[in-house]
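Here are my notes on the model you sent over. I've kept them as numbered points so you can follow along with the structure open.

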Amino acid sequence: MTLVDTEARTRIATDLTTNLFVEAGAGTGKTQSLVNRILGLVTTGTFPNGIADLAAITFTENAAAELRNRVRQQLDRAVADPALAADERMRFRAALASLDDASLSTLHGFALRLLSDFTLEADLPLGFTVQDDIRAGLARDLWWARSVDAALADPALAAVWTTCLALELTPRALRVIADRMQADWDQLESMVVARPAVPLWDMPAVVGPLREAVSRYADVGPEGDPLTAYLRGPLPTLLDDLDAEPDDLGRASVLLNQAIKTGCGNRAAWLKTGTPKSGPVNLLVQADSAWQAQLSAVRTACTEQLVRWLRDAVLDDAARRQTEGSLHFHDLLVLARRLLQKPQVREALHHRWPVIMVDEFQDTDPLQVEIVHLLASATFPDSWQECDAAGGRLFFVGDPKQSIYRFRRADVELYNAVRETIAVRPQLVQNFRSRPGILRVVNHSLRKLMDGKPGQVPYAELMAAREEVPGDKGPNVLLLGKGHATDMAGVRQEEAAHVATICRQAAGHWTVRDGRLAACAAGGAHRPA
Ligand SMILES: Nc1ncnc2c1ncn2[C@@H]1O[C@H](COP(=O)(O)OP(=O)(O)OP(=O)(O)O)[C@@H](O)[C@H]1O
Ligand SMILES: [Mg+2]
């Protein structure tokens, strides 16, 4: 196997005093290059305290377990490698023995470690716990029920609630906002929410034109025309309903449920009567515009008042969790970032973690960017952009094309901004995971889809590192799904049948790679399926 990017791979494993940013496509060995760099750090004795100095952060628990496995396997191999010098083997053995002290984990796991090491400084009680998602969800439901009860009974919010409920802005609708706020509560502290007074209704501006439309045009409109019918029937009824209400809020509630019609009527028929349709229609539009503008202003003011209440309630709840030491996952990140804003703690943690590596960086949370840069910076930075990390402290790996966690705050813009701060960016282009035929299909399809539109991640061709398997009868890519089922259960059944048929065709005929055979440097020998 000839590699065109050997130089980049070698630099990653050996240039240990330069900060690097590796951006490359799927299966190009990004994670492996991170492992190789860790081995480089071990073998050169760069870690002052051995591998316990290492903080490698990845995105999911599975990826963290896989990373730890890979490092352990490579260390095992190195310890047993007779070609290595005795002192090198000794360093690998020491690394293997203290691998559990290294931090190879998710960002949340890493944050938990920081908080556990500096619990009191983080203003947490000793023995604090982290709730799993199910418990955290139940705790949030309880918090919500209690908060709504308290807010409904709060005299300062009474008028706002009355208006909201009349306008069908219910606590249930607010729950969506509450959940978003809970998920991103770190951003609430700096959020400025205006508190506009709820404007008074101006019902004459709505009712006046409606009355005029009826009085001037109901009798002169053409017979059998829908607009005439509206002016003679539903509109006077609406006006009666509005008159029957004791106050403006009642009238608003009536209007909310009976839209003002502005678009009916036959133009030609009205013209024949000598009265253009625009006469009544303009009045109806005038009334409707006045109503919509008021509704929108009142709703906005009410929502902002409630959002302000919500923000305080969410922040109070976060403070309570911290005091009680009963944290949710996201709290770990916020509190770790806060902990790092204490200069003495940051200084200690800066020395504790001399090397920070991040895999799957395309899915970074903004707090991850801050935590990593606060830790790595030589001097205390006001923002992550001011980080002045010494060479070799930072190593990022990512593939923006694989960014899939937008709902968990991943943001490609932020990824790009961090990438631009790191001058040296080795490029890996060869893919080890897939055979050439698969990559041809992938390249062909993605080249067309990723056409460089603004905001889109650029297309990057994947080159096969694996070679064609001579005599292989298997197809590169098979399309499934030519079924007839119309319901989900049927689709699943057909899919299972298709897969079973393909397995039967493949067995003994197609050629597969088997890593366990490990007969060649390409990562394993081939055998019949
Ligand atoms: N230099 C190499 N030589 C041979 N095989 C390699 C090499 N580097 C990585 N591989 C193999 O290629 C496969 C993909 O590697 P790896 O998981 O590191 O890629 P990746 O770029 O991190 O993938 P992803 O985009 O999914 O994160 C693995 O099976 C790995 O063992
Ligand atoms: Mg990877």
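1. Start with the distance between two of the domains: the centres of domain 2 and domain 3, taken over C-alpha atoms, are separated by 58 Å. Keep in mind throughout that this is a predicted model. The division into domains goes like this: domain 1 is made of 6–126 + 330–447, domain 2 covers 149–324, and domain 3 runs over 478–528. Note that domain 1 comes in two stretches of sequence.

2. On the overall build, the protein has 20 helices and 11 strands. Its radius of gyration is 33 Å, whereas the globule rule gives 24 Å for 529 residues, so the protein is more spread out than a compact globule. Along the principal axes, the C-alpha atoms fill a box of roughly 105 × 65 × 40 Å. Buried residues come to 29% of the 529. If you look at contacts with a separation of 6 or more, 74% of them join residues 24 or more positions apart.

3. Now the cores. In soluble globular proteins, nonpolar side chains tend to be buried together. Here the largest nonpolar core has 62 residues, and Ala-56, Ala-111, Leu-115, Ala-336, Ile-356 and Phe-396 are the ones with the most contacts inside it. Another core, of 20 residues, lies apart from it and includes Val-206, Leu-210, Leu-227 and Leu-283. Back in the largest core, take Leu-115 as a place to zoom in: leaving out residues up to four places away in sequence, Leu-115 touches Ala-122, Leu-124, Leu-332, Leu-335, Ala-336 and Leu-339.

4. Which residues of H17 are buried? They are Gln-368, Val-369, Glu-370, Ile-371, Val-372, His-373, Leu-374, Leu-375 and Ala-376. That makes 9 of the 11 residues in this helix (residues 366–376), so H17 is largely enclosed by the rest of the structure. Its buried residues pack against four helices and two strands, if you go through the list: helix H5 (107–117), helix H15 (329–339), helix H16 (343–352), strand E6 (355–358), strand E7 (394–398) and helix H18 (412–421). Do notice that Glu-370 and His-373 are among the buried residues.

5. On the ligand site, 11 residues surround ligand 1, and the closest are Gly-29, Lys-30, Thr-31, Gln-32 and Phe-432. By type, the shell around ligand 1 divides into 2 nonpolar, 6 polar and 3 charged residues.

6. Two backbone spots deserve a look. Asp-123 is not a glycine, yet it has a positive phi of about 60 degrees. Asp-123 sits in the loop between H5 and strand E4 (129–130), and it counts as partly exposed because it has 14 C-beta neighbours inside 10 Å. Glu-360 is the other one: it has a positive phi of about 50 degrees, again without being a glycine. Is Glu-360 buried or exposed? With 25 C-beta neighbours inside 10 Å, Glu-360 counts as buried, and its place is in the loop between E6 and H17.

7. Last, His-328, in the loop between strand E5 (326–327) and H15. His-328 is buried, because 22 other C-beta atoms lie within 10 Å. Leaving aside neighbours within four places in sequence, His-328 is in contact with Gln-131, Ala-136 and Arg-321. Of these, Ala-136 is 192 residues away from His-328 in sequence, but their C-alpha atoms are 6.1 Å apart in space.

Conventions: Residues are numbered from 1 along each chain as its sequence is written. Chains are lettered from A and ligands numbered from 1 in the order in which they are written. This is a predicted model: local features need pLDDT of at least 70, side-chain atom pairs count only at pLDDT 80 or more; totals for chains, interfaces and linings use all residues. The radius of gyration is taken over C-alpha atoms; the globule rule is 2.2 Å times the number of residues to the power 0.38. A residue is buried if 20 or more other C-beta atoms lie within 10 Å of its own, exposed if 12 or fewer, and partly exposed in between; C-beta atoms are placed from the backbone. Two residues are in contact if their C-beta atoms, placed from the backbone, lie within 7 Å. A nonpolar core is a set of buried Ala, Val, Leu, Ile, Met, Phe, Trp, Tyr and Cys residues joined through C-beta atoms within 7 Å. A residue is near a molecule or strand if its C-beta atom, placed from the backbone, lies within 6 Å of it. Ala, Val, Leu, Ile, Met, Phe, Trp, Tyr, Cys and Pro count as nonpolar, Asp, Glu, Lys and Arg as charged, and the others, Gly among them, as polar. Domain bounds come from an automatic or database domain assignment.
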